[in-house]
Amino acid sequence: MVDETAEQIPDRRYRGMNPKFVKQVWEKRRKQETAEHRRAARDAAQLAKQQSRRATTLRLAQEWEIAQQEELFRAQFLENIGQLRLSHLVDKYKSAAAIVGAMEVRYRAAEIIQHHVRRSPFSYSEVMSDARARAVVAVRQAAMADIHVLCPHFSLTQIGKLFGGRDHTTVLHALKKMGVWRGNREQPEA
């Protein structure tokens, strides 16, 4: 008799609704939610794929532009180095003003620094900071050497000031390490 009363008493969750119907409704809702989650995941994956393609395209365009700028800089740099070496050999004992006058193209120091920063994985502030990591120091020293070669009117002290107030001996060490130190040279009056 207990079994008959248990079957007759409705479950409070259903509140008079057919339990089979309720079960079907909940299954249908679960299927709809699952389908919505899959659709949302698929849409998110497609959006991420599109953004990745755009980012890749943008990165490749930037790398192409940087490569073109580097190639142009390298060609001009080699031309100016050749002119500077020839000028240095011919006018060995002339003043730095004569060498600067012989150079057809003058580089601004800031452009040289920016070029080295763009070529490196470091930011401008990292290159100018007191960081002593080998890779950062190498970029900094290469920029100092290029400024020394391409802007001979800068003294060692002036080059040091460009790099966050470094001492002239730090610049001298960088130039010797990079192999571009030409010894004492007269500096034009600034």
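How many aromatic pairs does the chain contain? The count comes to zero aromatic pairs when ring centres have to lie within 6.5 Å of each other. This result, like every value in this report, belongs to a predicted model. An aromatic ring does take part in another kind of arrangement, since Arg29 lies over the face of Trp26, at 4.9 Å from the ring centre.

**Overall build**

The chain holds eight helices and zero strands, and reading along the sequence gives the pattern α-α-α-α-α-α-α-α. Of its 190 residues, 26% count as buried, and the chain exposes about 14200 Å², of which carbon and sulfur atoms supply 54%. When contacts between residues at least 6 apart in sequence are considered, 61% of them join residues at least 24 apart.

**The nonpolar core**

The largest nonpolar core has 26 residues, and those with the most contacts inside this core are Ile147, Ile159 and Phe163. Two or more residues of this core come from each of α2 (19-90), α4 (109-119), α5 (124-128), α6 (134-150), α7 (156-162) and α8 (168-178). The largest share, eight residues, is supplied by α6. Ile147 shows how such contacts are made up: with residues up to four places away in sequence not counted, Ile147 touches Ala109, Ile112, Ile113, Pro152, Phe154, Ile159, Leu162 and Phe163. Two of these partners, Ile159 and Phe163, are thus also listed with Ile147 among the residues with the most contacts inside the core.

**Helix α8 and its two faces**

In α8, the buried residues are Val171, Ala174 and Leu175. Because they cover an arc of only 95° around the axis, these residues sit on the same side of α8. What covers the buried residues of α8 includes α6 and α7, and both of these helices also give two or more residues to the largest nonpolar core. The face of α8 turned away from the buried side carries the exposed residues Lys176 and Lys177. Just after α8, Gly179 takes a positive phi of about 80°.

**Two individual sites**

His115 and Ser129 can be set side by side, with their contacts given apart from neighbours within four places in sequence. His115 has its place in helix α4, whereas Ser129 lies in the loop between α5 and α6.

| Residue | Relative accessible area | Contacts |
|---|---|---|
| His115 | 5% | Glu70 and Phe73 |
| Ser129 | 25% | Arg140 and Arg166 |

Buried means under 20% relative accessible area, so His115, with a relative accessible area of 5%, is buried. Ser129, at 25%, is partly exposed, because the class between buried and exposed runs from 20% to 50%. With sequence neighbours up to four places away left out, His115 is in contact with Glu70 and Phe73, and Ser129 touches Arg140 and Arg166. A further spatial relation concerns the backbone at Ser129: the C-alpha atoms of Ser129 and Gly164 are separated by 7.2 Å, although these residues are 35 residues apart along the chain.

Terms used:
Residues are numbered from 1 along each chain as its sequence is written. This is a predicted model: local features need pLDDT of at least 70, side-chain atom pairs count only at pLDDT 80 or more; totals for chains, interfaces and linings use all residues. Side-chain values use heavy atoms; hydrogens and water are left out. A nonpolar core is a set of buried Ala, Val, Leu, Ile, Met, Phe, Trp, Tyr and Cys residues joined through side-chain atoms within 4.5 Å. Buried means under 20% relative accessible area, exposed over 50%, partly exposed in between (1.4 Å probe, protein chains only). Contact means heavy atoms within 4.5 Å. The arc is that of the directions from the helix axis to the C-beta atoms. Rings of Phe, Tyr and Trp (its six-membered ring) pair if their centres lie within 6.5 Å; planes under 30 degrees apart count as stacked, over 60 as edge-to-face and the rest as tilted. A charge sits over a ring if NZ of Lys or CZ of Arg is within 6 Å of the ring centre and within 35 degrees of the ring normal. Accessible areas come from the Shrake-Rupley method with a 1.4 Å probe; for residues, only the protein chains shown count as cover.
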